[in-house]
Amino acid sequence: MFNNSTLPLPDKNRQNEIQQYIDDVNHFMAFIQGFICIFGVLGNLLALIVINRKSLKNTSSSVFITYMGIFDTAVLLLHAANLARLRGYPLLHCSLAYLTDMSTFCANWILVIITLERCVAVYSPFLAKRFCTIDSARYSIYILLASAIILFTAIFPFTHHIVTTPTNVKCSLRSSGGLIIRIYQPILFYAIPDLLLLSNLFTVAALCQRTHRLASTYVNETENSEIRVSDVNSNRKQRQLTIMLVTISLSFYLFTTPALVAFIAQQTMSKNRPVDQIKNTFLLLQISVVFLQLNNATNFIFYCFAGQRFRRATVQMFAEYSSQMQTFYHRYILCNRQYTPTPIFKFQSNAMPHTTATSRGSCSPNPHVYTQHPNHRHHNHRHQHQRTSTM
């Protein structure tokens with residue numbers, strides 16, 4: 001992430017003092033980063049399992065979230081491998097640096113692509129039927145991955161090289177590599193995605209206008225015409241998914257802004273700084289690296305916090321696995337072959353048939369449109385009585 005060798009250390013005693021401080025901070029941060037890697041990988045695996053359940057997987061958004069979880073997991077595993085300090089294996093060390101940059105790039109840009117896709121889906125449902133499909137999502141991922149491989153394969157030889165010395169062989173930055181990294185990483189990894197993620201503002205505005213328009217239509221419609229219930233269901237799903245993705249975008253700003261500030265601050269640092277200032281700078285840089293890890297490790301938490309359908313599917317998944325574990329325990333540990341598991345609670349959205357009546361009663365912004373007034377029912381009954389009496 002950051003190259004410690006760029007710190008100015010003119011004096012031998014001063015260099016030893018700072019190096020000792022760097023080693024102490026690295027050992028302390030290794031525990032924190034290892035903890036984040038373990039729980040981040042578990043969270044991403046849970047997110048992959050939940051998003052690929054039958055109730056959620058047949059959408060373009062599930063494809064993007066699946067690949068984003070894969071690349072987030074790859075970033076965490078590669079970072080955990082970097083914690084092992086594989087300096088004695090230069091080729092492996094260079095490969096880890098290459099794969100870490102490429103995986104981070106893909107994870108960040110998948111979030112940008114899914115944000116732009118949501119903007120198109122909310123603004124133009126007609127274009128969404130053509131472009132916001134599962135096949136289009138997969139093609140977008142393949143194009144992004146191919147572009148990332150070409151880009152980083154072209155850049156990496158200009159930033160890293162293997163140095164052979166009489167004592168060892170190591171992978172290190174070139175003399176101009178640090179400057180190149182400080183230019184393209186902030187721009188490609190953070191600055192451009194930050195700007196493109198602002199499209200969430202237009203998505204939220206368009207969704208609010210669409211919801212207001214549907215609510216006004218329900219109020220103004222006469223009794224002889226009906227509103228398509230599918231529009232209401234589509235708007236509700238779009239709103240839930242948009243809330244979840246906007247939350248993920250806000251977490252991206254929260255966790256990556258410190259790293260972006262740290263990259264910019266490194267350009268303005270003077271070479272002759274006090275020792276305490278160098279120590280504080282290094283500590284802040286390491287804290288920003290922890291924040292970058294949290295960006296790849298906390299998506300499952302935000303999915304559960306902001307995604308109603310995702311949270312519901314997560315609870316149902318744990319209920320099913322708990323029932324299976326109880327069945328295994330009673331039948332194969334306690335040898336109770338007659339054990340019958342308790343029926344799993346089925347959520348209303350999965351158990352209730354999607355009929356017109358149930359959709360109207362649960363999804364309408366103005367439910368009074370679909371409930372018949374008592375006087376109206378009495379009028380219909382009296383009218384029917386008059387018809388039968390005249391026959």
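Relative accessible area sorts residues into three classes, with buried meaning under 20%, exposed over 50% and partly exposed in between, computed with a 1.4 Å probe on protein chains only. This is a predicted model, in which local features need pLDDT of at least 70 and side-chain atom pairs count only at pLDDT 80 or more, whereas totals for chains, interfaces and linings use all residues. Residues are numbered from 1 along each chain as its sequence is written, and side-chain values use heavy atoms, with hydrogens and water left out.

Select Ile49 to begin, a residue placed in helix 1, where helices are DSSP runs of H or I with at least four residues, numbered from the N terminus. Ile49 counts as partly exposed because its relative accessibility is 39%. Add Thr66 to the selection: the two residues are 17 apart in sequence, and their C-alpha atoms lie 9.0 Å apart in space.

Next, select Leu42, which is also found in helix 1 and, at 46% relative accessibility, is partly exposed. Together with Phe35, Ile38, Phe39 and Leu45, Leu42 forms a nonpolar patch on the surface, with about 520 Å² of accessible area in total. Such a patch joins nonpolar side chains (Val, Leu, Ile, Met, Phe, Trp, Tyr) within 5 Å, taken from residues with over 30% relative accessible area and no salt bridge, that is, no side-chain nitrogen of Lys or Arg within 4 Å of a carboxyl oxygen of Asp or Glu; the areas come from the Shrake-Rupley method with a 1.4 Å probe.

Now turn to the interior spaces. A cavity is a set of points on a 1 Å grid where a 1.4 Å probe fits but cannot get out, and its lining residues have an atom within 4 Å of a point. There are two cavities of 30 Å³ or more.

For the second largest, of about 50 Å³, select Asn44, Ala47, Leu48, Ile65, Met68, Gly69, Asp72, Asn299 and Tyr303. Helix 1 (12-51), helix 2 and helix 10 (299-306) each supply at least two of these residues, and helix 2 gives the largest share, with four.

Finish with the largest cavity, which has a volume of about 70 Å³ and whose lining includes Met68, Asp72, Asn108, Phe252 and Asn299. Helix 2 (60-82), helix 3 (90-123), helix 8 (229-267) and helix 9 (275-297) are the elements that contribute two or more residues to this lining. Colouring by class gives five nonpolar, five polar and one charged.

Definitions and conventions: On a 1 Å grid over the protein atoms alone, a cavity is a set of points where a 1.4 Å probe fits but cannot get out, and a pocket is an open set with protein on both sides within 12 Å along at least five of seven lines; lining residues have an atom within 4 Å of a point. Grid points are joined across faces, edges and corners, and a volume is the space filled by probe spheres set on the points. Ala, Val, Leu, Ile, Met, Phe, Trp, Tyr, Cys and Pro count as nonpolar, Asp, Glu, Lys and Arg as charged, and the others, Gly among them, as polar. Patches are made of residues with over 30% relative accessible area and no salt bridge: like charges are joined within 9 Å, nonpolar side chains (Val, Leu, Ile, Met, Phe, Trp, Tyr) within 5 Å.
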